[in-house]
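Here are some notes on the protein–DNA surface and on one sheet, set out as numbered points to be read beside the model.

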Amino acid sequence: MPSLIHHSKLKKNFKPILEDEHILKIGENVKYDMLLLQAYGVELKGPMFDTMLAHYLIEPDQRHTMDIIAENYLGYATIHIEDIIGKKGKSQGTMREADVSKVTDYVVEDADITLQLKNIFVPLLKEREVEKLFNDVEVPLVPVLTDMEFAGVKIDKQFLEDYSRQMEKEIMQLENTVYELAGVQFNLSSPKQLGEVLFEKLKIPYVGKKTKTGQYSTDEETLSKLANDFAIAKNLQDYREWTKLKSTYVDALPLLINHKSGRVHTSFNQAIAATGRLSSVDPNLQNIPIRTDRGKEIRKAFIARDDEHVLLSCDYSQIELRIIASLSEDENMIDAFRQGLDIHTATAARVYSIDLNMVTPDMRRNAKAVNFGIAYGQSAFGLSQTLRVSRAEAKEIIDNYQKQFPGVSRLMASNIEFARQHGYIKTILGRKRYLRDIGSANFTVRGQAERLAINTPIQGSAADMIKVAMINIHKELKKRKLQTKMTLQVHDELVFDTHLSEVDEVKEIVTELMKNSMPLSVPIEVGAGTGKNWLDAH
DNA sequence: ATAAGCACGC
DNA sequence: GACGTACGTGCTTATA
């Protein structure tokens, strides 16, 4: 017999406790339990403590599974799940089928360890000054993410199946063309075989570094340098694009449609990215293509619930640069945003010391690349690579940038200095990241830590901001008893499935709450669009 | 199974 | 002169 007590009896006994607003619930990865209980009609309520999220704020660069933190903080080796349900893979069973006495040991240990960890983490959160971030942001975000995952998104399966067949034809043709140009048949998807064909059999001159295993590099950067001179390279670029889109998205997404809901339910991981960002898995809905026309097609498959609904997409405009402007208090950058200028054009005008209306597309492109690189601590070498200009030219652009935006340069330097002094760097809401290599004598290792000291406050503060917005929006939708569901978060974008009758009201609520979730010294702009599918909503 | 190479997003 | 742009997820191939 799988279980001794039927779940209806368990539910009767536990539901009043689990739904009691005053009883503290302590768990590891509470979102998982919330989702599970939801399937049994139980809504977990009241104060929460999540040991996974606590450890995420205490040691953001580490992993946060219970077996690891139990080992580290309690010196205790937990029972391995594989000892109960079998090794990972096809033979692995489920908890329902497992030996009851083993499961009993496992769950009792789980409860015991979770409580012990909670008692350790409560003072530690206070000591590390992340208690408020924990209680006001990370914990309240849990039910928001639970609702988003449960809501899921609708996928047009037929559309993707049709597109897949069309892609198959394109891929077959490209394959044949490449075989003809190469004079051999080989596996185009094998970078090893491809490198040998291009650079040994066809004797195409190879410039640039080999990969770390000594292979010829065949990545996009390499192929694009060859594309003008060798037709085979262009065909390979197309082949790569089609096969990537087909295997990762078009063929994979329909397989993940849930049979009960008919929708795709991603899982948002709240304790992976050390900067505070969320991540998305099974499927990853944060990397759906948008750059190329062939890729954009895939977004047409993300559709509203039915004919009476639309997708609403709201995204922050240049949020990371606005955060840089605000943190640095750089007058010129703040001015540009206050005047509502296109930031890349404004940057170009300053860097090239010309009028705004004299900025050419090339200048804007260069300025955009600088703005982009700034947030990551990019060097003159790095910029010269992206822009494909000489190092001297890249250095001149950067020098001009630093002269025109001295506050930004000061911010970078002072963040590195702060990290040296304190051993960590923090975001606007006080999320900390420990940079233990900041004083390393090794140039490479220290350089990496310095780039993290620059990037983490920027990327992390943007993450803080959208998390607060999500909590406030979720609360407001509930308060107004609106049916609109928040479904996706893509770092600076939120997507909603909205009934037509609610669109105007929800658009207003969302844009206002996104703008006002955290005060900056520059205005925050939010773009909003609606459509039957995700592409049209942009 | 795991690593490598590659490519998608922000 | 080194090294050279942050954060993720997931596909296929190659190797063990």
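Across which strands does α20 lie, and at about what angle does α20 run to β11?

1. This is a predicted model, and the points below should be read with that in mind. In answer to the opening query, α20 lies across β11 and β12, and the angle at which α20 runs to β11 is about 170 degrees.

2. The helix α20 (443-479) also belongs to the elements that give two or more residues to the surface near DNA strand C, the others being α9 (191-201), α11 (231-250), β6 (279-281) and α17 (380-387). Of these contributions, that of α20 is the greatest, with eight residues.

3. There are 38 residues around DNA strand C, and those that come nearest are Ser190, Ser247, Ser279, Phe381 and Gly382. By residue class, the surface near DNA strand C comprises 24 polar residues, 10 nonpolar residues and four charged ones.

4. Turning to the sheet, four strands make up an open arrangement in the order β11-β12-β8-β13, with antiparallel pairing. The edges are taken by β11 and β13 (526-531), each of which has a single partner strand, so one side of each is left without a neighbour in the sheet. Direction ignored, neighbouring strands of this sheet are turned against each other by 20 degrees on average.

5. Within that sheet, β12, which spans residues 493-499, is mostly covered, since five of its seven residues are buried. On one pairing, strand β8 (residues 309-316) is joined to β12 by seven bridges, and the two run antiparallel. Along this pairing, Val310 stands opposite Thr498 of β12, while Cys314 stands opposite Leu494, also in β12.

6. The other pairing to examine is that of β12 with strand β11 (residues 485-489), which is likewise antiparallel and extends over four bridges. Here Lys485 has Asp497 of β12 as its bridge partner. The hairpin formed by β11 and β12 has three residues between the strands, and in it His491 takes a positive phi near 70 degrees, a detail that a colleague may wish to look at in the display.

7. Taken together, the helix and the sheet can be viewed side by side: α20 gives eight residues to the surface near DNA strand C, and α20 also lies across β11 and β12, which are neighbours in the sheet order β11-β12-β8-β13.

Conventions: Residues numbered from 1 in each chain as written. Chains lettered and ligands numbered in written order. Predicted model: local features only at pLDDT ≥ 70, side-chain atom pairs only at ≥ 80, totals over all residues. Near = placed C-beta within 6 Å. Nonpolar A, V, L, I, M, F, W, Y, C, P; charged D, E, K, R; others polar. Buried ≥ 20, exposed ≤ 12 C-beta atoms within 10 Å, placed from the backbone. Pairing = 2+ DSSP bridges. Axes fitted to C-alpha atoms, helices over the stretch in contact; angles between N-to-C directions. Contact = placed C-beta atoms within 7 Å.
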